[in-house]
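Please find below a short note on the structure, prepared for a reader who is new to such models.

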Amino acid sequence: MAGVLQRFEQRLEGAVTGAFARAFRSAVQPVEIAAALQREVDNSAHILSRERMLVPNDFTVELSPPDFDRLNPFSSTLSDELATLVKEHVVEQRYTMAGPLEISFKKTGELSTGRFRVRSRTNAAVTPVAGQRMTETAVRSSNVILEVNGMRHPLDAPGVVIGRGNEADLKIDDPGISRRHAQIKIHQSGAETTVTVVDLDSTNGVVLNGHKVATGVVSNGSEIRLGNTVIVIRTIEAT
């Protein structure tokens with residue numbers, strides 16, 4: 001850990017000049033944020049197998065208004081250096097990330113000067129259904145919408161197969177998801193739409209609204225957990 005932090009400080013020293021240096025005289029120091037990110041990665045590590053541990057890949061650093069205002073003009077440079085540090089730590093510890101690494105800064109009035117907070121989550125990379133129209137018009141015109149990691153996917157009958165493999169209709173690069181994990185089935189009968197989720201003999205199962213199921217009826221707002229990914233289903237009754 002010390003080696004990664006030392007390299008981070010050395011890289012940052014090469015980038016810090018003038019106004020950049022003065023900004024870092026704020027109460028919150030970049031090396032403190034770097035150390036906190038390392039701790040967050042370690043504390044959030046989730047065992048997948050004897051040789052694989054999954055860690056978060058999306059981090060938000062919450063800062064007090066004064067600290068945020070001082071550091072925000074240089075947030076791009078700082079994010080890049082912090083991302084390099086996290087990637088080095090992940091490699092050294094042989095962790096696994098499910099998707100691209102993201103580090104952002106957020107101002108919050110809950111914190112006083114010198115205090116900060118790191119929040120993290122695991123956001124698996126998602127590959128949309130082949131040929132699916134992802135436009136706002138397509139989303140608005142669909143009766144069933146699948147929300148995953150900030151993306152909305154309009155779904156049509158008969159539905160989609162979700163998994164980690166290339167053969168899945170909706171591919172989610174989550175190590176906890178099987179190659180063909182689950183199927184979302186859509187049944188259309190006149191103005192009535194019925195949505196069900198079916199476990200395709202996955203390794204880790206399907207959790208619907210907190211309960212493990214082999215198959216289950218999905219309603220508007222239902223949460224489906226596959227591996228480490230939560231999917232929300234939105235249904236709109238046709239008029």
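The points that follow take up confidence, the nonpolar cores and the strands.

1. This is a predicted model, in which local features need pLDDT of at least 70 and side-chain atom pairs count only at pLDDT 80 or more, while totals for chains, interfaces and linings use all residues. Residues are numbered from 1 along each chain as its sequence is written, and side-chain values use heavy atoms, without hydrogens and water.

2. The protein chain has an average pLDDT (the predictor's confidence in each residue, from 0 to 100) of 86, and 87% of the residues score at least 70. Among its elements (DSSP runs numbered from the N terminus: helices, H or I, of at least four residues, and strands, E, of at least two), strand E14 (residues 206-208) has the highest mean pLDDT, 97, and helix H2 (residues 19-23) the lowest, 59. Where pLDDT is low, the predicted coordinates should not be read in detail.

3. The largest nonpolar core (buried Ala, Val, Leu, Ile, Met, Phe, Trp, Tyr and Cys residues joined through side-chain atoms within 4.5 Å; buried means under 20% relative accessible area, with a 1.4 Å probe and protein chains only) has 28 residues. Ile 33, Leu 82, Val 86 and Ile 103 touch the most other members. Elements that each supply at least two residues of this core include helix H3 (30-43), helix H5 (75-93) and strand E5 (102-107).

4. Leaving aside neighbours within four places in sequence, Ile 103 is in contact (heavy atoms within 4.5 Å) with residues including Leu 37, Phe 59, Leu 82 and Val 86.

5. An open sheet of mixed pairing is formed by 6 strands in the order E7-E11-E10-E12-E13-E16; two strands pair if DSSP finds at least two bridges between them. Strands E10 (residues 159-163) and E12 (residues 182-189) run antiparallel and are joined by 4 bridges.

Key
Buried means under 20% relative accessible area, exposed over 50%, partly exposed in between (1.4 Å probe, protein chains only).
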